[in-house]
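Welcome! Take a moment to look over the sequence and turn the structure around on your screen. The briefing below will then walk you through some places to visit.

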Amino acid sequence: MDTANILGSVIPTFVVVFALVLLAAVLIACLLSGFLLLLIALFAELLRLGRGGRWLASRLFRKEPDRIHAGYRRNFFGRLIEGIVGNPVMPLVLAGVVFTFVGTVLIYFSSNSKGVEFFVESEPEQAIVYVLARGNLSLEEKDSLLQQAEDIVRAHPGIQTAFAFAGEGGLDSNTGGAQAPKDTVGQIQLETIPWEDRPNQSSVLFTIPFINFEVTRDVQDPAFDGDVVLADLLEQLEVIPGIRTEILNLSRGPASGKPVHLRLKSDSWEDLVASASMAREQFERTPGLTLIEDTRPLPGIDWQIDVDVEKAGRYGADVLTVGAMVQLVTRGLLLDTMRVDTSDEEIEIRVRLPEEDRVLSTLDTLKVRTPDGLIPLSNFITRTPVPKLAEISRVDQKRYLDVKADVIPGLMKIVRATRQDGVETLETLGTARPAGADAEFTSDDGIAYKIIDREAAAEGMDLWDAVRTEGSIRMVPVNANERIAELDKWLDTKPFDLGVTTEWTGDQEDQAESQAFLSSAFSAALGLMFIILLAQFNSFYNAILVLLAVVLSTTGVLIGMLVMDQTFSIIMTGTGIVALAGIVVNNNIILIDTYQEYERYMPRIEAIIRTAQARIRPVLLTTITTMAGLAPMMFGLSLNFAEGGYTIDSPTALWWKQLATAVVFGLGIATVLTLMVTPSMLAIRIWATTYVRWFARLLARMSMGRASKAARDWALQRDARRSKAQEIIWDEDLAGPAPVALKPAE
């Protein structure tokens, strides 16, 4: 859509909306003006009725004066804070309970979380189907194989558009650095039906008792879900003989290739190929990995042409002339370049032999012109078949090969947790995948599973019964990070030669970079906050107290991940934690700044109590409005204000669920910390300072005697506390006559 179309579609709508809003404002103003005129007229008529009318007008329009209550009264929250900070024990007890709670949440989250992911997994709407086959296939043979796969893709009801091409080329797609497998003979780029255009089906919302009336609602047909469509396509494509298929999901967000990506580097080509073969075998033995591939050269033959320089020199031929003759048989001899109007790049002009002569046997009959006449090339060149090398890839001046794999979605690992010397160790008993009719058990959340791998320690054991009855055995979700951790255990055994080095790239590398960036950004933000808070409060303790509340607020984020059954996302959840820090700092600044103002003219404990009571309303308003605003986003609720209606868990809404969950739960816990823990920490410093000074004076009195300055100060303060404050009463009746002012003599 060009600029004219955009303006033509937006401006009329804007004019209509503006006119409606203006008309509504005029109508409301007219109604209010008429109502005010009616009140004025009624008041004037009542005044004309005499004393009775004035009395009635005073009753209708007079406002009772506000009753003023002098003094300060504590509400329930003020009395609660007084009970906590009013003695030296309760602040310590509350701080101990809070830190114990935080530690418990951290331990429980590490054992029961759903793992860590790089970005939010969303439903795919675009994908690429790679058709894989091996052999010296012609373009027509590749196109024939691709046509069979294309017919299956186009026949699926969940596919909206599809574009297929054989060989190399096709449309440009953002694959996030993912490369097609080496043995790809064709690709099919497809788009599923958009989420908002998918057909609906009726679903029972609830049933009215006694009359058994079912209340239904329209929901989207789950058969058109992007993941379901791709799974159906993969299952149908497997029946085509002679090919394999892989589907690359072009998910939203940061695009990437296969998440499990191991890179091997070495200076020795033979060691590198052998190590890549060993790594692929280990990948195939690891449960949960699928679509495994490596970048070793495909089986094939290259012809190596060797020139005997000594013989060529004997006949008067040079290597340059021989090379030019070989190019006539292969890709042609470059003569020049030219530019055409239909291309932005130069086009090469090459000359080569006719098509029927472009075969290797032609080299045996070709003759090269020398000073001694025409000499056959076969006199000084030899052809040798060698294994096909395809290409040479280097990084840091070393050759490398990659082994890649994807992870089966929904996979669960059954583990037994044992604790030794305070360290928890997980022993894998088996692996289960989501299943249908062949399911062996159903979990508490209604998902059916089938055991696909069982370790020797779990032979003869009912794993699901053990999960339900034994507290040490539980199910852990399997993702790319978990599989990489399992493969790291194998890499720690040093299975390769000493000259071969390994590293994890792809998603793992991007995840490590993003995690390092967010960690450094969070640390830098805390450092800048500390400098600003120190300049504002002029107190190291108060500045550290605010930053402590920021760190403790992450406990709420972890609780939110557990309650909402979400995976910790490096990008979205990490961004939510950074955003949460700003709100938490703002609430604590309000509290501590008010406390510093109150402590100037009242006892410090009383200042803490009044600060908490005075600032509970703005802190709660900030918290409630923020949590209420993000609650729809946390539940995946999208409202369509233009056309009406709502949707739940749309692909766009799924992006923001983890970020909103982090802010909502983190802010809820941070509010409790701000209103309860921050006053307690302030009281701890006051009571600690009081007792330290009291103890120091006691030591001074005991060591220096009653005549010392410390002992006299101690006695003076004690007597001052015992003496009552004097009250001065001024009675004008008892006061004498005012003195007469005398004027000076003139």
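## A guided tour of the model

K494 counts as exposed because its relative accessibility is 68%, and over 50% is the cut-off for that word. Please keep in mind that this is a predicted model. The chain has 746 residues, and 34% of them count as buried. Along the chain you can find 17 helices and 26 strands.

**Contacts across the chain**

- Among contacts with a separation of 6 or more, 69% join residues that are 24 or more positions apart.
- T295 and L401 give you an example to look up: they are 106 residues apart along the chain, yet 5.7 Å separates their C-alpha atoms.

**Three loop residues to compare**

- K494 sits in the loop between helix 11 (480-491) and strand 23 (501-504). Its phi is near 55°, which is a positive value in a residue other than glycine.
- Q397 belongs to the loop that runs between strand 16 (394-395) and strand 17 (398-407). Phi of Q397 is positive too, near 65°, and this residue is likewise not a glycine.
- Is Q397 buried or exposed? With a relative accessible area of 74%, Q397 is exposed.
- T295 lies in the loop between strand 9 (289-294) and strand 10 (301-307). T295 is buried, because its relative accessible area is 17% and buried means under 20%.
- Which residues does T295 touch, if we do not count those up to four places away in sequence? They are K182, L401, D402 and K404.

**Helix 3 meets helix 4**

- Helix 3 (76-85) and helix 4 (90-112) pack at an angle of about 100°, and their axes are 6 Å apart.
- Helix 3 is therefore roughly perpendicular to helix 4, since angles of 65 to 115 degrees count that way.
- On the helix 3 side, the contact is made by G83, I84 and V85, while helix 4 brings M90, P91 and L94.
- Sorted by class, this contact of helix 3 with helix 4 has five nonpolar residues, one polar residue and no charged ones.

**Helix 13 meets helix 14**

- Helix 13 (residues 540-563) packs against helix 14 (residues 572-598) at an angle of about 140°, with 8 Å between their axes.
- The two helices, 13 and 14, are therefore oblique to each other.
- Many residues make this contact, including L545, V546 and V550 of helix 13 and I577, L580 and V584 of helix 14.
- The residues in the contact of helix 13 with helix 14 divide into 12 nonpolar, six polar and no charged.
- Helix 13 passes helix 14 in a right-handed crossing.

**The nonpolar cores**

- In soluble globular proteins, nonpolar side chains tend to be buried together.
- The largest nonpolar core here holds 55 residues, and F77, I81, V85, V550, I605 and I608 touch the most other members.
- Which helices each supply at least two residues of this core? They are helix 3, helix 4, helix 12 (507-537), helix 13, helix 14, helix 15 (604-634) and helix 16 (651-704).
- Helix 16 gives the most to this core, with 12 residues.
- Leaving aside neighbours within four places in sequence, I605 is in contact with V85, G86, A683, I686 and W687.
- A second, separate core has 24 residues, among them L272, I292, V407 and V500.

Terms used. Residues numbered from 1 in each chain as written. Predicted model: local features only at pLDDT ≥ 70, side-chain atom pairs only at ≥ 80, totals over all residues. Heavy atoms only, no water. Axes fitted to C-alpha atoms, helices over the stretch in contact; angles between N-to-C directions. Helix = DSSP H or I, 4+ residues; strand = E, 2+ residues; numbered from the N terminus. Parallel < 35°, antiparallel > 145°, perpendicular 65-115°, else oblique. Left-handed = near helix turned anticlockwise from the far one by under 90°. Contact = heavy atoms within 4.5 Å. Nonpolar A, V, L, I, M, F, W, Y, C, P; charged D, E, K, R; others polar. Core = buried A, V, L, I, M, F, W, Y, C linked by side-chain atoms within 4.5 Å. Buried < 20%, exposed > 50% of the residue type's maximum accessible area, 1.4 Å probe, protein only.
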